Amino acid sequence: MSTNHQCKNCENPFDTSFDYCPYCSQEAADKLTFGVLFSNTISNYFSIDARFFRSFIPLMIKPGILARRFVDGKRLSYLHPAQFYLFISVVFFFIFSFSIRKADKTLSQTFKKSFNTEIVLDSLQFEKDSVGLELAKKVINDNTSLAKLSEEDLIKLDSVILAEQLKGPKVSFSFERKKLDSLIAINAPQEEKLRVMGLKTEDSAITRKFFTQMLKFYEQKGGGILKTLYDTIPITMFLMLPLFAFILKIFYWEKGVFAHHMVFSFYFFTFIFTSLCALILADSIMEIPVWLQFLFFFSFIIYLILAFRNFYKSSWVSAIFKANLVSLVYIMFIIPIAFLGIMTVSIFLY
């Protein structure tokens, strides 16, 4: 009777007394169940073992040291930078989601009130109309003979102008809005509602999509817009990492390949997310003063300076100059572009 077992993965034979294949390390017993499948996935990506704590402490108190050690080859002792970033970002967005839900509820109520408020002409438009009426009156007074108006007609004209002035800035221009509301009430076809909003037949597909989303926004009274915005942030933040690494590559062209700058970026943003988690939790317990919040965000610059000093072996002058310049470039260019991207994607996914 054969005492060998054939591995289902690499198909090599091995003794049945082995619990794992000596060639590929796959488990000998076939225990793949629904529970095992997901527990393995979670343990692979979110496992908290000794590597996590060996990575967490240097990350928080020794800026740039963890990235330097990983790049230098000490990789099995520390959590992989991408895995570390993924774990902390999931924790951060989970904590942040509670604040977003509260803010989304408040914003939705504000939108609902504003949609129920009657739209009126502003005072500037009324002043323009009043000036126009006064000019018309002056022209008529100067040319009464040509206009063939009597004194009685001029008195009536004055009374009309006075009546218009007493009305004030309350002339509504919400006729189209009321028409749209009536179409929504009778569940009219979408095309009719879009035409009322101003969509033309010759408009492009992008314009049509924009109008469609605006109609949805109007029908739902703005509800859920902040949550949609929130859902796009994690992906955007992940895509911003290579851009940050690209900026580092420009400033430290000869200090390693692009992958090295990516390692630095992963650990740096992991530090930021970890710090923000602490800030949100602290703010939920007690109100943090504005000046303390300012110092908190300013500490990111200090951390970056120390990280440049330790990772790139920069001088103090170089580290301070480049940390501030990198931060300025990122804040002035990358973040605004990312914000516009988030807003655009949010509108089209709403």
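Where does Lys313 lie? In this predicted model, Lys313 turns up in the loop between H13 and H14. Helix H13 covers 290-311, and helix H14 covers 316-349. The backbone at Lys313 has a positive phi of about 55 degrees, even though Lys313 is not a glycine. With 62% relative accessibility, Lys313 counts as exposed, because the cut-off for that label is over 50%.

Asn187 is another residue with this kind of backbone angle. Its phi is near 55 degrees, again a positive value in a residue other than glycine. Asn187 is found in the loop between helix H8, residues 175-185, and helix H9, residues 190-197. Asn187 has a relative accessibility of 65%, so this residue counts as exposed too.

Stepping back to the whole protein chain, there are 14 helices and two strands. Of its 350 residues, 31% count as buried. Take the contacts between residues at least 6 apart in sequence: 65% of them join residues at least 24 apart. As for the outside, the accessible surface of the chain comes to about 22,700 Å², and carbon and sulfur atoms account for 67% of that area.

Next come the open spaces, starting with the largest pocket. Its volume is about 770 Å³. A total of 25 residues line this pocket, and the closest to its centre are Met237, Phe269, Ile272, Tyr330 and Ile335. Several helices take part: the elements that give two or more residues to the lining are H4 (81-115), H11 (225-251), H12, H13 and H14. Of these, H14 supplies the largest share, with nine residues. Sorted by class, the pocket lining has 23 nonpolar residues, two polar ones and no charged ones.

There is also enclosed space, in the form of one cavity of 30 Å³ or more. About 60 Å³ of space lies in the largest cavity. A run of residues from Ile65 to Ala67 is part of its lining, with Ile65, Leu66 and Ala67 all on the list. Leu59, Lys62, Pro63 and Gly64 also line the cavity, as do Phe264, Tyr267, Phe268, Tyr303 and Ala307. Helices H3 (65-71), H12 (258-285) and H13 (290-311) are the elements that give two or more residues to this lining. H12 and H13 are also among the elements that give two or more residues to the lining of the largest pocket. By class, the cavity lining is made up of ten nonpolar residues, one polar and one charged.

What about the cysteines: how many disulfides does the count come to? The count is zero. Cys10 and Cys21 show why: the sulfur of Cys10 has its closest cysteine sulfur in Cys21, at 3.6 Å, and a disulfide needs the two sulfur atoms within 2.5 Å, so the gap is too far for a bond. Seen from the other side, the closest cysteine sulfur to that of Cys21 is the one in Cys10, so Cys21 is likewise too far from a partner for a bond. The two residues also have their own accessibility labels. Cys10 counts as partly exposed because its relative accessibility is 27%, while Cys21, at 3%, counts as buried. The cut-off that matters for Cys21 is under 20% relative accessible area, which means that the buried label applies.

Methods
Residues numbered from 1 in each chain as written. Predicted model: local features only at pLDDT ≥ 70, side-chain atom pairs only at ≥ 80, totals over all residues. Heavy atoms only, no water. 1 Å grid on protein atoms, 1.4 Å probe; cavity = no way out; pocket = protein on both sides within 12 Å on 5 of 7 lines; lining within 4 Å. Points joined across faces, edges and corners; volume = space filled by probe spheres on them. Helix = DSSP H or I, 4+ residues; strand = E, 2+ residues; numbered from the N terminus. Nonpolar A, V, L, I, M, F, W, Y, C, P; charged D, E, K, R; others polar. Buried < 20%, exposed > 50% of the residue type's maximum accessible area, 1.4 Å probe, protein only. Contact = heavy atoms within 4.5 Å. Areas by Shrake-Rupley, 256 points an atom, 1.4 Å probe, with all protein chains shown as cover.
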